[in-house]
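Visitor: I should like to take a close look at a single part of this protein and to see how that part sits among its surroundings. Please guide me through it in one connected account.

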Amino acid sequence: MTNSVRKVAAAAATAVLGAALAGCGGGAGAPDAGREARMGTPAASAPASASAATSASGSPAASPQAGAPAKPPTMAPGPNGLTPVFERAKQQTDKTVALTFDADMTSDQGPRAADGEHFDNPALISTLRTLKVPSTIFMTGRWAEEYPDQAKSIGTDPNFEIANHSYSHHAFKSPCYGLPALDAAAARADVDRAFAAFRQAGAVNTVPYFRFPGGCYDDQALRALSTAKVTAVQWDVVSGDAFAKDPGAVAEQVLSGVKPGSVVVMHCTRSAAPVTEEAVQRIVPELRKRGYRFVKVSELIGK
């Protein structure tokens, strides 16, 4: 994937997206200090907890809507109230795996979409439905605004849950693969703006989970999001689908990395991850043959 990213990065505009996608699948992760927040524990069993009493946007929870998940599990805050970080299920004997897909789009890529570049991937979503694979889509608010009908379709389908991947796909920690960086106040507002875009599109299956653009975070980023009442979700399996041209290689990378309780990071962006749908067609039957069951991130966090 690294070589592919470098080739694509020859064009300045594409370089930013390429670096961002490489970061989403490259496992930059957190420094040791940021990793302390992983000490948080699932809080779903505590009905009186703040996470159970708030909606995905951090505001008081309204009555459940049709199709909306009921109080999706979150993790308790980490040390000093930092946003907790989830990477893989603690219960690592149950052969479950979560396929997650980042629907990336930056705040300034509207003209490219208008010129015909596809940041969506309807065929992938269709394949996930056909194969009956529950999945978590980490969506940017800008993606939801560009493709509101698709965001609503995904966000009202019980097969899926929509999690927050920021509004603008800007970095919450710098440096981060060349992405423009947000300060703490802007980062918190960016998360709220994404949730608002999901609501505007009519998506109801939203969950209080957040994935950092580029996978980059530190204590400052975790502190900035602490009032959002979200659980940050990383991954333990990198698919390598960003700019890949060989679906077999992507499938093999996933199949060789999956373990019970794994979270796999992939992409829902045709222009930058063109072989993901074909790779999924290979991954799903093979993992099922190995005895794996596909679940959403919310089920893994609840274990």
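Guide: What follows is an account of one strand, β8, and then of several other sites in the chain. The model is a predicted one.

A brief view of the whole chain comes first. It contains twelve helices and nine strands. Of its 303 residues, 55% are buried. Among contacts with a separation of 6 or more, 82% are between residues 24 or more positions apart. The exposed surface of the chain comes to about 11,900 Å², with carbon and sulfur atoms supplying 53% of that area.

Strand β8 spans residues 262-267, and six of its six residues are buried, so that the strand is mostly covered in the sense that a buried residue has under 20% relative accessible area. In a regular strand, side chains alternate between the two faces of the sheet. In β8, S262, V264 and M266 point one way, while V263, V265 and H267 point the other way. Both sets are buried.

Two strands pair with β8. With β2, residues 96-103, the pairing is parallel and extends over six bridges; within it, F101 has M266 of β8 as its bridge partner. With β7, residues 237-238, β8 also runs parallel, and two bridges join them. Here V238 has V265 as its bridge partner. The connection from β7 to β8 involves helix α10, residues 247-257, and the three elements make a right-handed β-α-β unit.

F101, the bridge partner of M266, also leads to another strand. T136 lies in β3, residues 135-139, and F101 is among the residues that T136 contacts beyond its neighbours within four places in sequence. The others are L99, T100, E161, A163, K296 and V297. T136 counts as buried because its relative accessible area is 0%, whereas the limit is under 20%. The side chain of T136 also makes a polar contact of 2.7 Å with the side chain of E161.

Strand β3 is met again at helix α7, residues 148-155. The buried residues of that helix are Q150, A151, I154 and G155. They lie on the same side of α7 because they cover an arc of only 125° around the axis. These buried residues pack against β3, as well as α5 (122-130), α6 (141-146), β4 (160-164) and α8 (184-201).

Two loop residues complete the account. Q109 is placed in the loop between β2, the strand that pairs with β8, and helix α4, residues 110-114. Q109 counts as buried because its relative accessibility is 3%. A polar atom of the Q109 side chain lies 3.0 Å from the backbone nitrogen of T106. The other residue, G78, belongs to the loop between α3 (32-35) and β1 (85-86). G78 also counts as buried, with a relative accessibility of 12%. The C-alpha atoms of G78 and S226 are separated by 9.6 Å, although the two residues are 148 residues apart along the chain.

To return to the part chosen at the outset, β8 is a strand in which six of six residues are buried, paired in parallel with β2 and with β7.

Conventions. Residues are numbered from 1 along each chain as its sequence is written. This is a predicted model: local features need pLDDT of at least 70, side-chain atom pairs count only at pLDDT 80 or more; totals for chains, interfaces and linings use all residues. Side-chain values use heavy atoms; hydrogens and water are left out. Buried means under 20% relative accessible area, exposed over 50%, partly exposed in between (1.4 Å probe, protein chains only). Helices (H or I, at least four residues) and strands (E, at least two) are DSSP runs, numbered from the N terminus. Two strands pair if DSSP finds at least two bridges between them. A crossover is right-handed if, with the strands pointing away from the viewer, the path from the first strand over the helix to the second runs clockwise. A polar contact is a pair of N or O atoms within 3.5 Å; within protein, one must be able to donate a hydrogen and the other to accept it, and residues adjacent in sequence count only if both atoms are side-chain atoms. Contact means heavy atoms within 4.5 Å. The arc is that of the directions from the helix axis to the C-beta atoms. Accessible areas come from the Shrake-Rupley method with a 1.4 Å probe; for residues, only the protein chains shown count as cover.
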